[in-house]
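This report walks through a structure for a reader who has not met it before. The sequence and the model come first, and the description follows.

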Amino acid sequence: MRKNISVLALCFFITALNPAQILAADASKRPIVPGFERFSQGKEIDQAQLGLLLLGELNCTSCHAPTATTKGLIQAKQAPLLDKVAGRIKPEYFESFIAKTHEIKPGSTMPQVSLGNNEQEKQATAKALAHYLAQQAGANEKLIFDPKQVALGKTLFAQSGCVSCHAGRDQAAKEILNVNNSVPLGALENKYTVGSLTNFLENPHQVRPSGRMPAVLKDQKEAHAVACYLLQSAKTSPKSAGVLKFEYFEGSWTKLPDFTKLNAIAKGIASDFDVEVAKKVNNNALRFEGWFKLQSAGKYTLHLGSDDGSKIWIDGKLIIDNDGIHPHTIISKTVELYKGEHKVEVGIFDGGGEYSLTVEIESNNLPRQPLSGICALDEKTAEGTTKAAYVATAPGKPEVFKLDTELATKGRALFASVGCANCHGMNENNKRIPALVQGPELLKLRPETGCLSENPQGKSPDFALDTKQKAAIALALKNLASMPPSQDSKALINQTFLSLNCYACHQRDKIGGPEDSRNASFVTTQPEMGDEGRLPPALTGVGAKLNTDWLKQVLEQGTKVRPYMLVRMPKYGGNNVNPLIKPLGEVDTIEPVEAIQFADTPAKVKTSGRLLVGSKALGCIKCHTFNNQKAEGIQALDLTSMPQRLKRDWFQRYMLDPQPFRPGTRMPAPWPMGKTFFDEILEGSTKKQIEGIYVYLSQGSKASPPEGLSRESIVLVPEKEPIIYRNFIEGAGARAIGVGYPEKVNLAFDANSLRVAMIWQGAFIDASRHWRDRGVGYQPPLGDNVISLPAGPTFATLASEKENWPALTSKEQAGTFISYTTDALGRPSFQYKYADVMITDFPTPTNNKEGGFSRAFTLESKTPPALLYLRAAVGTKIEEQKDGWFLVDGEYKFRLVGANKPIVRESNGKKEILVPIVFENGVCKLVQEYSW
Amino acid sequence: MKHTLLLSSLFAGLILASFSKAADPIPTEDDYYKIVKFEIPKDVVLEAGAIELTADNKLYVSSRRGEIWSIENPFAKDLAKDAKWTRYAHGLHEVLGLASKDGWIYATQRGELTKLKDSNGDGKADIFQTVSDAWEINGDYHEYAFGSKFDKDGNVWIVLCLTGSFSSNSKYRGWCVRVNADGTFTPTCSGIRSPGSIGFNAAGDCFYTDNQGPWNGTSSLKHLLPGSFQGHPDGNKWFDLKEAKLAGPKPETPKSGSRMMIEAERIPQLMPPAIYFPYKKMGQSASGIDFDKSEGKFGPFQNQLFVADQTNSTVMRVHLEKGHGRYQGACFPFRKGFGSGNVPVMASKNGHLFVGGTNRGWGSQGNKPFALERLDWTGKVPFEIHEMHAKNDGFELTFTHPVDPKTAADVASYKMSTYCYIYQSAYGSPEVDFTYPKITSAVVAPDNKSVRIVIDKPVAGHIHDLTVAGVRSEAGLPLLHPEAYYTLNYIPEKAK
């Protein structure tokens, strides 16, 4: 079988290498606009409209001026704003991306800008631009990689909506390539640090204001988790060659130890100031030492971050003292350093808990970066910044970027002249750098020329468009001239749905909705709700459904009214989505329901609405939460949010017949065929009843809770005879038999492990968990002084007195549960069988004033086993007292009556009391009394 | 007795004739079958889980709160006055099956089948003996266990709901098992999802209802042929257990997103549902099952099955036949308006149908939290489709009264669509693969009691959704329920 599989795998491998696939690789560099990718294959949306989409998404109008009549037809996507870009993108990323845009990030909508006439010129231009961008310093986010956040990040990435537009990731969090219609992310680890990616994810609109990337994550914590998940491969990539010496010490400290007085347990070479070289977490310390060389004298800022304490010395002088027990804390200090070689030493220790270290350097011409990047093992090999801008580094070691201000100045001029400024906003003295490149006017563009030609030449940028994309653009350009200056509402909605990729999650008028390949990524906490619980709602008719204010809020701010649905409606930003509101109201209409005249007073109408919603009438609260109070069954949308969200006319029509509005919904028709079951409420009028509910729910959180909402307790109180309660009892298992006695003592017998699992005093149990709603979970005893008796079997045969008491791994090992019978007073006597011995276990309350049990055992067997024991007690401390009583862990007392002398032994680190069972004529009787 | 029956049918005929007068109101279900309510003693919460009628004509009703009540005189005309209630047992774990044998009451609890006896004659059980606890529970509320009456071999059949109704995390969850009165335990069928009840047809074959969810496009009635696989694959992991070998070879895992009959072709053990109850149209959660064993004392539906629906508080009617050796057939609306969410039903030989209800945790159209009711036949025969038989090229419909040959021969009196469900691991399914067959002819039999309709063309594996709006009885009445849903898994061979 295995062999077959590998043969099959080999076949796939060969297929993957066939020439057709290699040719297709070029087409794979085309800009990925998800709406175009998805719909250009079908007929749901016409090609000219998809061409318009491309004109907007590729921001064509930033070079090709639209006329007044065509301007409103294109929803242009603004390119990322580049102010302070070096604060969020690694400086070493710029040059490669500018020089080889489509290789570095296939699928990018950024074109390969024309950089020059020959390779040398191109390289020089890219380099200059890179230095200019690297000069745009910004605040660095201080968050660092935290392996504990990866799992949360993975869940958020997979479930909250990221994969609705982006490709999923494999086990190592690598982007799964060639997933249809996915916006590619490229090698994020080369571009972002954990901190800068966190910032971007938390607020993507700050640099990408057009809302194509909406804000999905709710706060910095979530953004950080996703950043850690996405960048984890950077953390696990092969390490560079060593640049630092380190020494490792063990011990327990609250402050950094004096390393000169310690002997190192281990020594070695490290590639970074990284605590990973420590042999364990907690109670250890590390000392790093290395050299770096500076090109010029000046002010340098050092950032030392650690958990717990750390210190840094330059040339033997303490620079930063970040000592003591604390969470990851960064201290920064600016110092004057001379040109030339410097010795650096860093010490850190970990007392307990988290362990982390970051050492960074920054100056006017050195963007903030890890200090290890310019470190070497000794003075002679320390690299200076006098060499080329890029330091030649050991294989696998990240390139280190050193800013060249002269080059940056050149880059500033190029930024405007090669066309970057056409698309990217960049402020200089509070004014946007003006664009210098001007292409032909939009309406004068001809197919197969300029950007649309086979191989764009001269100044034309190369978008790597494929044939289909070019054809769609050509068609759109052809149509543009004759189109009216503004789109009708329907087209505008469609255009916005395409550009914001609403169709990835929502269907509208039978277009869009989750694609098959992504369908499984939409998940729910309530699978019983079916697709309704996991797939975002269809937006057909949404303008007639949602109140305008609510619609606006949902679009601008996102929403989470369906707590069971794990994918989120993200924030798109007002400017991007507000234009949808009016057209949706115009296109989506519903036949109005005439105003309703009530015979009752407004107060009575609300009372009737409340009655209808409650358990005595329609029981809406069985499935819907009410003002965040849980429902009995599934937890559907909160009732008190309905009038805030839903238009009255829609509510009236939906309640009458939900299916046409939400095909397949589990929402039953509360008025089947329009008829009410409640003739006495609001004159038995269906319309009035629906309106009454709407009026009642319109009070929102002030609506008084309907009947049946809160779970009242059901305390079982044994009065004349015992109450038996078989159910899921916490501490006694899924087949517990609880018994409450009128004497106010109680027990729970576990019918799986065949033992009395717990005894307690006072109140017996609250049955409401199991007797209201569906009955979810285990219920603990209600009373006081709950004593858990030893887990495992009550009786067992041992090979010797030394053998450990057997643990139960299955129900069958415990023996067989036979029955219980009740006596004239209703008290149960349990019968179970172990090793051919029939055991009757009859507990009865004792009459002493403390309250206790007397447990009468009768064992019968035709073939009595040897070495059968009762395990009477297990405890850390068992003290013998007078009258045969033993005190167990100071909690309860027991004594044995009519039993053989017990064996007191140590086993498994605990004290145990075993009673040897000796049969006489096949019978053995004994009593164990409990008091507590 | 026979005499009265004859008289009452005669009487029914007279009444029907009078209905046909234009001014008379159209009769309703209530004119034929009346719902009689039991007066449940105050302070008793009888969330009915199972019903058993013992040989001494005592009705035993179990509750989800673990009680069993015995009711004397359950056939009394005045139930409030004559029915006598005694609490037979308490403290049991959600009893959803009751049977009786040799003076013992057998109760299916979540974790075991238990037999109970009142040994001292005080009316209360004092022996609670475990017959079998060979399956397991883990504390998940969805791990229900529904038990049947005894079959002719002395077995109680038990269907075990999946953990959380989605997966099988405890031994034999997702299985049907048989437990003999002597304790012998026999794993019988796999593939169960979330049962609503279990019962037998007149031939003694065992059926259960399963509910819409994963691998179940809608609720259905399924035949528990020993060794068969009922469609949800998660419980198949227990085929590795030794005694599970008794249920035959482990079936292949079905392909999600396929169709039932495509998979049934490929997986021999896979048993297609005998009846699908189209979602919303018939109900939302099928439950109790019993057959009419009254030999006419309950009306004309002898040997047909009655199946309850919890959400809609209804009882539906099912007529089964065999196609390619497997059960299939039609379901029809029968009676609505029960007090709570119907779960157990029990038909008596003397022509009554007991119906118990609870809507705790799952809402129902009947808005009472719990109910016990008895459905009595008034003696009048409603105008209904009596049986629906599949033919190679269409269907044969028989009626409870002679039809008006003119309306019955008019093809415009009939409307049909067909559809099926996606057989998938995701929850439920929309109706898919629609066809709209043309009714090409409707031929009325000489006795006017049946009509043969020919359609272009039947689709195997589809529900044939028929509305007979135009047909009138000889007396001029429309059908009480014009809807019929035939689950046509197999198209019969052409009659030779």
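## Around Gly700(A)

Not counting residues up to four places away in sequence, Gly700(A) touches Thr640(A) and Gln644(A). The model is a predicted one. Gly700(A) sits in the loop between helix 26 (686–697) and strand 16 (715–716) of chain A. Is Gly700(A) partly exposed or buried? Gly700(A) has 13 C-beta neighbours inside 10 Å, and therefore counts as partly exposed. In sequence Gly700(A) and Phe626(A) are 74 residues apart, while their C-alpha atoms are 9.5 Å apart in space.

## Domains

The domain assignment of chain A gives domain 1 (17–103 + 108–135 + 416–480), domain 2 (137–236), domain 3 (244–395), domain 4 (489–587), domain 5 (602–702) and domain 6 (715–931). Chain B is divided into domain 1 (33–377) and domain 2 (383–488). Two domain pairs, one in each chain, are set out below.

| Domain pair | C-alpha centres apart | Residues in contact, domain 1 | Residues in contact, partner |
|---|---|---|---|
| Domain 1 and domain 4 of chain A | 29 Å | 12 residues | 10 residues |
| Domain 1 and domain 2 of chain B | 29 Å | 30 residues | 29 residues |

In chain A, 12 residues of domain 1 are in contact with 10 residues of domain 4. On the domain 1 side of this contact, the elements that give two or more residues are helix 3 (34–39) and helix 4 (47–57) of chain A. Helix 4 of chain A gives the largest share, five residues. By class, the residues on this side of domain 1 of chain A divide into four nonpolar, four polar and four charged.

In chain B, 30 residues of domain 1 are in contact with 29 residues of domain 2. Which elements give two or more residues to the side of domain 1 of chain B that touches domain 2 of chain B? They are helix 3 (260–266), strand 17 (275–277), strand 20 (314–323) and strand 21 (326–335) of chain B. Strand 21 of chain B gives the largest share, six residues. This side of domain 1 of chain B has 16 nonpolar, 11 polar and three charged residues.

## Contact between the chains and the shared sheet

The contact between chain A and chain B takes 37 residues from chain A and 35 residues from chain B. On the chain A side, strand 17 (723–729), strand 18 (733–740) and strand 24 of chain A are the elements that give two or more residues. The residues of that side divide into 17 nonpolar, 10 polar and 10 charged.

Strands from chain A and chain B also form an open sheet of 12 strands, with antiparallel pairing, in the order 29(A)-30(A)-31(A)-34(A)-27(A)-26(A)-25(A)-24(A)-9(B)-8(B)-7(B)-6(B). Its edge strands, each pairing on one side only, are strand 29 (878–880) of chain A and strand 6 (98–101) of chain B. From one strand to the next, the twist averages 25°.

Strand 24 of chain A has partners in both chains. Six bridges join strand 24 (residues 816–822) of chain A to strand 25 (residues 828–834) of chain A, and the two run antiparallel. Within this pair, Phe830(A) in strand 25 of chain A is the bridge partner of Tyr820(A). Three bridges join strand 24 of chain A to strand 9 (residues 127–132) of chain B, again antiparallel. Here the bridge partner of Ser819(A) is Gln129(B), in strand 9 of chain B.

## Buried regions

In soluble globular proteins, nonpolar side chains tend to be buried together. The largest nonpolar core here has 188 residues, and those that touch the most other members are Ile158(B), Leu160(B), Cys176(B), Val345(B) and Tyr486(B). The largest share of this core, six residues, comes from strand 28 (residues 868–875) of chain A. Leaving aside its neighbours within four places in sequence, Val345(B) is in contact with residues including Ile289(B), Phe306(B), Ala308(B), Val315(B) and Leu353(B). Apart from this core lies another, of 81 residues, among them Phe97(A), Phe157(A), Val226(A) and Ile348(A).

Phe97(A) is also one of the buried residues of helix 6 of chain A. Helix 6 (residues 91–99) of chain A is mostly covered, with eight of its nine residues buried. The others on the buried list are Pro91(A), Glu92(A), Tyr93(A), Phe94(A), Glu95(A), Ile98(A) and Ala99(A).

Definitions and conventions: Residues are numbered from 1 along each chain as its sequence is written. Chains are lettered from A and ligands numbered from 1 in the order in which they are written. This is a predicted model: local features need pLDDT of at least 70, side-chain atom pairs count only at pLDDT 80 or more; totals for chains, interfaces and linings use all residues. Domain bounds come from an automatic or database domain assignment. Two residues are in contact if their C-beta atoms, placed from the backbone, lie within 7 Å. Helices (H or I, at least four residues) and strands (E, at least two) are DSSP runs, numbered from the N terminus. Ala, Val, Leu, Ile, Met, Phe, Trp, Tyr, Cys and Pro count as nonpolar, Asp, Glu, Lys and Arg as charged, and the others, Gly among them, as polar. Two strands pair if DSSP finds at least two bridges between them. Axes are lines fitted to C-alpha atoms, for helices over the stretch in contact, and angles run from 0 to 180 degrees between N-to-C directions. A nonpolar core is a set of buried Ala, Val, Leu, Ile, Met, Phe, Trp, Tyr and Cys residues joined through C-beta atoms within 7 Å. A residue is buried if 20 or more other C-beta atoms lie within 10 Å of its own, exposed if 12 or fewer, and partly exposed in between; C-beta atoms are placed from the backbone.
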